[in-house]
Amino acid sequence: MNRFGEMLVFVRAVEDGGFSAAARSLTMTPSAVSKLIGRLESRLGVTLFNRASRTLTLTAEGEAFYTSAVRAIEAVEDAEASVLGGRAAQGTLRVRSMPTFATHQLAPLIPVFRRMHPGLRLDFVLSMEPGNLLDGGIDVAIHVGELADSSLVARRFASTRWIICASPAYLAARGTPRRPEDLATHECLNFPSTAPWSIWSLRDEAGATRRLKPAGSVAANTGQMLLAMARAGAGIVRLAEFHIIDDLRAGRLVELLPERHNGAEDPIYALYNGRRHLSPRIRVFLDFLEMSFSQQPPSWERPFDERVRGTPDDGPLKEAARR
């Protein structure tokens, strides 16, 4: 492997937090990564990593080499981008997202993105599991809701509100709740109690926000399952607007207590590693998200036929699709 390749592996080991994590994201074996780092240290005549403890840390020489290696990698990638444009985005981009956002919002955008960056391979990981969102070599993670303190960089590109709703069949059989207190007498479909989305926020008659965790006999850890049960008339559910807007427009679901909505919206972020150099494959995807959601109304605010065909003011998206 040439010196540039050595630097790439070294930087990935630093940013992924270990040889095994770097091996997974680079499709190498841990032993191959370890041997390459050892060969690099021998060539340089210095020790780059402290290996005395379970936690892999950089030596002073390692810190200095990491800073210089990142600059060198960025210089090479910038040089390629200056002549190749979007074609400079090569390799595999691993994106993690909650399943509903990926299915309803990202999937319809992928054909345009692929035409813009044909040399880029996309690998989507759909998960609701908590923990480090960038584990397993993930480059970008989509997160809906407020963020805990994190060393990750967060770029907000959209937001959504949460809507309480039920099917007409359920309301005909059980009646329509008129006040937040009425939810206690209904079957409420919800996320598991440990999930942040299991808490429903509503305004009371005085205008104060109330946080409720409605009781119910059915829970699911994915919004898609909750939506399917709500469509079938199993109960009242609270889901993100981007997930259910087509059901509301088609009359399959009816919004409940709209006058008690507190007006709050959950931000939607793209998260990435702050220590990692921003490679072209990450940069172009972040820019595409921002372009897609900021220069026109979010897709859930536009009629379905416009989302399929595009609108006259689609601007950069439409131009990109022609390429």
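**Close-up 1. F49 and its ring partner F19.** F49 is buried in this predicted model, with a relative accessible area of just 3%. What kind of aromatic pair do F19 and F49 form? Theirs is edge-to-face, with 5.5 Å from centre to centre and 85 degrees between the planes. F19 sits in helix 2 (residues 19-26) and F49 in strand 1 (residues 49-50), so this pair ties together parts of the chain that are 30 residues apart in sequence. Is F19 buried or exposed? F19 counts as buried, at 14% relative accessibility, because the cut-off for buried is under 20%.

**Close-up 2. A cluster of phenylalanines.** Zoom out a little from that pair and you get a cluster: ring pairs link F10, F19, F49 and F65. Searching the whole structure turns up 10 aromatic pairs, and F19 with F49 is one of them.

**Close-up 3. F101 meets F242.** Here's another ring pair: the centres of F101 and F242 are 5.1 Å apart and their planes stand at 90 degrees, so this one counts as edge-to-face. Which parts of the chain does the pair link? F101 belongs to helix 5 (residues 99-106) and F242 to helix 9 (residues 241-250), with the two positions 141 residues apart in sequence. Both F101 and F242 are buried.

**Close-up 4. The five-stranded sheet.** This open sheet has its strands in the order 4-3-5-12-6, and the pairing is mixed. Why is one side of strand 4 left without a neighbour in the sheet? Strand 4 stands at an edge, as does strand 6 (152-160), and each has a single partner strand, so one side of each goes without a neighbour. From one strand to the next, the twist averages 20 degrees. Further in, strand 3 (residues 91-97) and strand 5 (residues 140-144) run parallel and pair over two bridges. Looking for a landmark? R96 has A141 of strand 5 as its bridge partner.

**Close-up 5. Helix 10 across the sheet.** Helix 10 (residues 280-294) lies across strand 3, strand 4, strand 5, strand 6 and strand 12 (266-273). Its angle to strand 6 is about 25 degrees.

**Close-up 6. V125 on the edge strand.** V125 is part of strand 4 (residues 120-126), one of the strands at the edges of the sheet. At 27% relative accessibility, V125 counts as partly exposed. Which residues does V125 touch, leaving aside those up to four places away in sequence? The contacts are R94, V95, R96, S97 and I138. With V95, the C-alpha to C-alpha distance is 6.1 Å, although V125 and V95 are 30 residues apart in sequence.

How values were computed:
Residues numbered from 1 in each chain as written. Predicted model: local features only at pLDDT ≥ 70, side-chain atom pairs only at ≥ 80, totals over all residues. Heavy atoms only, no water. Helix = DSSP H or I, 4+ residues; strand = E, 2+ residues; numbered from the N terminus. Buried < 20%, exposed > 50% of the residue type's maximum accessible area, 1.4 Å probe, protein only. Contact = heavy atoms within 4.5 Å. Phe/Tyr/Trp six-rings, centres within 6.5 Å; stacked < 30°, edge-to-face > 60°. Pairing = 2+ DSSP bridges. Axes fitted to C-alpha atoms, helices over the stretch in contact; angles between N-to-C directions.
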